[in-house]
Amino acid sequence: MVLSFGGPDKPADVRPFLENVTRGRGVPPERLDEVAKHYHHFGGVSPINALNRQMIASVEAELERAGIDLPVYFGNRNWHPMIEETLEQIHADGHRRVLVFPTSAWGGYSGCRQYDEDIHRGLQAMGDKADSMMLRKLPQYWDHPAMTASWADSIKAASAELPPQLRDDARLIFTAHSIPDSADRAAGPPQEGGRLYSRQVADASRLAAEAAGFSSFDQVWQSRSGPARIPWLDPDICDHLDDVAAQGVRAVIVCPIGFVSDHLEVVWDLDNEGLEKAQELGLGYARAKTVGTDPRFIAMIVELIAEQFAGTVPFRQGMTDNGAPCARGCCEPVRRPA
């Protein structure tokens, strides 16, 4: 089962989807109205579901080539097909052991543990039928060589889109989804000192930059939300573009390393706000494509599956059964202020 965040498929889905995303957080209706405008700017459709279905079709083909007879299902946290619906279908089809591939490569609450909670919630909804089920979430893959290679080629392709006179001194900038600073401090097993998410993003950026042939890079954040008084990971991508322009930089390559596929946040924050900011500043601007349908990324998913079939895989971070956390106290959720 490919387990993802979900997104609206038509305009009528936008508000119910956003209510699912923010349920229990006390987000005011006017804030939902503002975010809804981002979706309606793209016709009320998020690209994520279509991209996940494209990923699934590619995984099915790769599994067949690898000689692995395994059906692939699709479930979401926040919109249809919801995980509860998908698990009911899996059970009805006679399956009892399920490998779960989350479309987040990272540690932290929203990147890892919340997927455990999704699995637990889906099993709870099954009632007694859940007693016969075994769901194993596949491990984090942010540093997998195939993912690094995919990002490196995406960066090189973006660089080639810039005018030749701007390529040599273009600044490489990696972005990932910002989270509250308190959530980052709680990310990872307590004995490791926290900050697992931001450390992983920094290391993944370094690996991709090196593989793409860049000796330096910047790593920033995007898509923050919530009250301004609450500290989030920064700097924000648009603020950073102001800074690099002031330093005399003439062009940037922006790589959304924190995202497997083009979430609405990617196309809105980078292809609209980021691009507009760059144009305002006179910066050359190229955005690297996400890697979710790259053949090497697809092969990586099948490799993670095949390891489980081999039965000799040691525990790796993020690999959990039936929604249990990785370790005691790992990535505890932080209560969001109203």
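1. Salt bridges. The count comes to 26 salt bridges in this predicted model. One of them joins Arg-121 to Asp-118. The closest N and O atoms of that pair are 3.1 Å apart. Both residues belong to helix 5, residues 109-125. They sit three residues apart there, which means that about one helical turn separates Arg-121 from Asp-118.

2. Second largest pocket: size and centre. This pocket holds about 290 Å³ of space. Its lining is made of 19 residues. Closest to the centre are Met-1, Leu-70, Pro-71, Val-98 and Leu-99.

3. Second largest pocket: contributing elements. Which elements give two or more residues to the lining? They are helix 3 (48-65), strand 3 (97-102) and helix 12 (295-310). Strand 3 gives the most, with five residues. By class, the lining divides into 17 nonpolar residues, one polar and one charged.

4. Leu-99, a residue to look at in the viewer. Leu-99 lies in strand 3. It is also among the residues closest to the centre of the second largest pocket. What does Leu-99 touch, leaving aside residues up to four places away in sequence? The partners are Met-1, Arg-136, Leu-138, Ile-305, Gln-308 and Phe-309. Met-1 therefore appears twice in this note: it is one of the residues closest to the pocket centre, and it touches Leu-99. There is a long-range pairing as well: Leu-99 and Asp-321 are 222 residues apart along the chain, yet their C-alpha atoms are separated by 9.4 Å.

5. Cavities. How many cavities of 30 Å³ or more does a search of the whole structure find? The search finds three. The largest has a volume of about 40 Å³. It is lined by Phe-5, Gly-6, Phe-17, Tyr-39, Ser-46, Ile-48, His-263, Leu-264 and Glu-265. That lining has five nonpolar residues, three polar and one charged.

6. Helix 6 against helix 12. Two packed helices are described by the angle between their axes and the distance between the axes. Helix 6 (residues 145-161) packs on helix 12 at an angle of about 170 degrees. The two axes are 8 Å apart. Helix 6 is therefore roughly antiparallel to helix 12. From helix 6, the contact uses Ala-146, Met-147, Ala-149, Ser-150 and Asp-153. From helix 12, it uses Arg-296, Phe-297 and Met-300. Sorted by class, the contact has five nonpolar residues, one polar and two charged. Helix 12 also gives two or more residues to the lining of the second largest pocket.

7. Helix 2 against helix 11. The axes of helix 2 (residues 29-41) and helix 11 (residues 264-281) come within 10 Å. They cross at roughly 85 degrees. Helix 2 and helix 11 are therefore roughly perpendicular to each other. Helix 2 brings His-38, Tyr-39 and His-41 to the contact. Helix 11 brings Leu-264, Trp-268 and Asn-272. The classes here are three nonpolar and three polar, with no charged residues. Tyr-39 and Leu-264 take part in this contact and are also among the residues that line the largest cavity.

8. Cis peptide bonds. Most residues other than glycine have a negative phi, and most peptide bonds are trans. The bond from His-80 to Pro-81 is cis, with omega near 0 degrees. Pro-81 is in the loop between strand 2 (74-76) and helix 4 (83-92). The bond from Asp-234 to Pro-235 is also cis, with omega near 15 degrees. Where is Pro-235? It is in the loop between strand 6 (218-222) and helix 10 (237-246).

9. Positive phi. Asn-322 is not a glycine, but its phi is positive, at about 50 degrees. Asn-322 lies in the segment after strand 9 (320-321).

How values were computed
Residues are numbered from 1 along each chain as its sequence is written. This is a predicted model: local features need pLDDT of at least 70, side-chain atom pairs count only at pLDDT 80 or more; totals for chains, interfaces and linings use all residues. Side-chain values use heavy atoms; hydrogens and water are left out. On a 1 Å grid over the protein atoms alone, a cavity is a set of points where a 1.4 Å probe fits but cannot get out, and a pocket is an open set with protein on both sides within 12 Å along at least five of seven lines; lining residues have an atom within 4 Å of a point. Grid points are joined across faces, edges and corners, and a volume is the space filled by probe spheres set on the points. Helices (H or I, at least four residues) and strands (E, at least two) are DSSP runs, numbered from the N terminus. Ala, Val, Leu, Ile, Met, Phe, Trp, Tyr, Cys and Pro count as nonpolar, Asp, Glu, Lys and Arg as charged, and the others, Gly among them, as polar. Axes are lines fitted to C-alpha atoms, for helices over the stretch in contact, and angles run from 0 to 180 degrees between N-to-C directions. Angles under 35 degrees count as roughly parallel, over 145 as roughly antiparallel, 65 to 115 as roughly perpendicular and the rest as oblique. Contact means heavy atoms within 4.5 Å. A salt bridge is a side-chain nitrogen of Lys or Arg within 4 Å of a carboxyl oxygen of Asp or Glu.
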